Amino acid sequence: MKIIIAEDYKELSRKAANIISAQIILKSDSVLGLATGSTPIGIYDQLAERYCTGELDFSQVFTINLDEYYGLSSENTQSYHYYMNKYLFSKVNLSKEHCFLPDGVNLDSRAECKRYQELIDNLGGIDLQLLGLGHNGHIGFNEPADFFEKKVHLVDLTEQTIQANQRFFESAEEVPRQAYTMGVGTIFQAKKILLAVSGEEKAEALYRVVQGKISPQIPGSILQLHPDVTVVADRGAAKLF
Ligand code: GLP
């Protein structure tokens with residue numbers, strides 16, 4: 001695991017965007033696994049800026065997102081579809097046919113998980129997977145559990161995650177209780193992984209992911225076994241190192 005420490009969020013965003021930019025420049029038809037939450041917003045801003053200046057071309061890139069809330073449609077402003085359109089898809093020349101997320105309104109979870117897993121497999125796997133980190137060490141929406149989930153699945157969100165994500169909704173009651181997510185196994189199969197972590201409140205989770213015991217109770221800890229992981233953390237998130 002390579003750890004890059006950035007002075008602040010802005011530098012973190014720039015450094016993480018450098019890694020994604022290099023991936024796109026080296027392989028124009030890269031399959032990028034993408035994440036949501038507040039951490040990647042600065043990274044997406046950087047990528048959009050680089051597209052505007054002509055540095056980056058997304059026309060052949062494919063994107064596949066980690067997760068989506070169960071029951072939320074793409075028009076719902078809290079859905080991850082909406083988020084991706086707002087922060088990235090509408091700002092760069094990605095082809096709509098190349099951008100994928102789980103379909104939150106497909107309530108047939110068996111069919112949807114199968115569809116999404118097959119989609120990832122048919123794309124030939126993920127070249128570079130961007131990840132954020134939940135306060136409880138979750139990646140995507142893989143919550144602490146007794147075992148590592150291998151494939152795309154429907155997950156029950158923990159109270160801690162519901163509370164943490166409440167800030168995007170009017171109230172905690174409005175936060176969906178379930179979500180579709182890539183499994184830890186799906187994420188692990190990505191050729192490269194980029195974990196971006198910001199803020200002191202993530203310091204303990206990041207420390208446990210990087211230095212702690214590998215356990216499904218800290219889902220991100222499995223990344224210790226992956227051959228190509230880069231962590232970009234700001235000083236706050238890295239304060240326990
Ligand atoms: C959600 C997402 C995760 C993300 C996490 C942390 O739970 N499903 O993919 O990493 O939030 O988000 P933030 O960056 O807002 O702290």
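**View 1. Gly183, a buried glycine in a predicted model.** With a relative accessible area of 0%, Gly183 is buried. Please keep in mind, here and in the views that follow, that this is a predicted model. Gly183 belongs to the loop that runs between strand E8 (178-181) and helix H6 (184-188). If you would like a partner to look for, try Phe148: 35 residues separate Gly183 from Phe148 along the chain, and their C-alpha atoms are 7.7 Å apart.

**View 2. The ligand and its surroundings.** Welcome to the largest pocket, which is the space taken by the ligand. There are 14 residues around the ligand, and those that come nearest are Ser38, Thr39, Asp67, Arg167 and Lys202. Sorted by class, the shell around the ligand holds 3 nonpolar, 8 polar and 3 charged residues.

**View 3. Polar atoms facing the ligand.** Three distances are worth finding in this close-up. A nitrogen atom of the ligand lies 2.8 Å from an N or O atom in the Asp67 side chain. On the side chain of His138, an N or O atom is 2.8 Å from an oxygen atom of the ligand. Leu133 takes part through its backbone, where a polar atom is 3.4 Å from a ligand oxygen atom. How much of the accessible area that the ligand has on its own does the protein cover? The ligand has 390 Å² on its own, and the protein covers 96% of that area.

**View 4. Asp67, from the ligand to its strand.** Having met Asp67 beside the ligand, we can now place this residue in strand E4, which spans residues 67-69. Is Asp67 buried or exposed? Its relative accessible area is 3%, so Asp67 is buried, the limit being under 20%. Val152 is a helpful landmark here: Asp67 and Val152 are 85 residues apart in sequence, with 8.9 Å between their C-alpha atoms.

**View 5. Asp127 and its two lysine contacts.** Asp127 sits in the loop between helix H4 (109-122) and strand E6 (128-131). Its side chain makes a polar contact of 2.8 Å with the side chain of Lys27. A polar contact of 3.1 Å also joins the side chain of Asp127 to that of Lys191. The relative accessible area of Asp127 is 6%, and because buried means under 20%, this residue counts as buried.

**View 6. Met84 within helix H3.** Follow helix H3, residues 80-87, and you will come to Met84. Met84 has a relative accessibility of 0% and therefore counts as buried. To get your bearings, look for Asp45: the C-alpha atoms of Met84 and Asp45 are 12 Å apart, and 39 residues separate the two along the chain.

**View 7. Gln166, a partly exposed residue.** Our last stop is Gln166, found in the loop between helix H5 (159-165) and E8. Its relative accessible area is 26%, which falls between the limits of 20% and 50%, so Gln166 is described as partly exposed. How far from Gln166 is the C-alpha atom of Ile64? The separation between the C-alpha atoms of Gln166 and Ile64 is 24 Å, for two residues that are 102 residues apart along the chain.

Note on methods
Residues are numbered from 1 along each chain as its sequence is written. This is a predicted model: local features need pLDDT of at least 70, side-chain atom pairs count only at pLDDT 80 or more; totals for chains, interfaces and linings use all residues. Side-chain values use heavy atoms; hydrogens and water are left out. A residue is near a molecule or strand if one of its heavy atoms lies within 4 Å of it. A polar contact is a pair of N or O atoms within 3.5 Å; within protein, one must be able to donate a hydrogen and the other to accept it, and residues adjacent in sequence count only if both atoms are side-chain atoms. Accessible areas come from the Shrake-Rupley method with a 1.4 Å probe; for residues, only the protein chains shown count as cover. On a 1 Å grid over the protein atoms alone, a cavity is a set of points where a 1.4 Å probe fits but cannot get out, and a pocket is an open set with protein on both sides within 12 Å along at least five of seven lines; lining residues have an atom within 4 Å of a point. A molecule sits in a cavity or pocket if more than half of its atoms lie within 2 Å of its grid points. Ala, Val, Leu, Ile, Met, Phe, Trp, Tyr, Cys and Pro count as nonpolar, Asp, Glu, Lys and Arg as charged, and the others, Gly among them, as polar. Helices (H or I, at least four residues) and strands (E, at least two) are DSSP runs, numbered from the N terminus. Buried means under 20% relative accessible area, exposed over 50%, partly exposed in between (1.4 Å probe, protein chains only).
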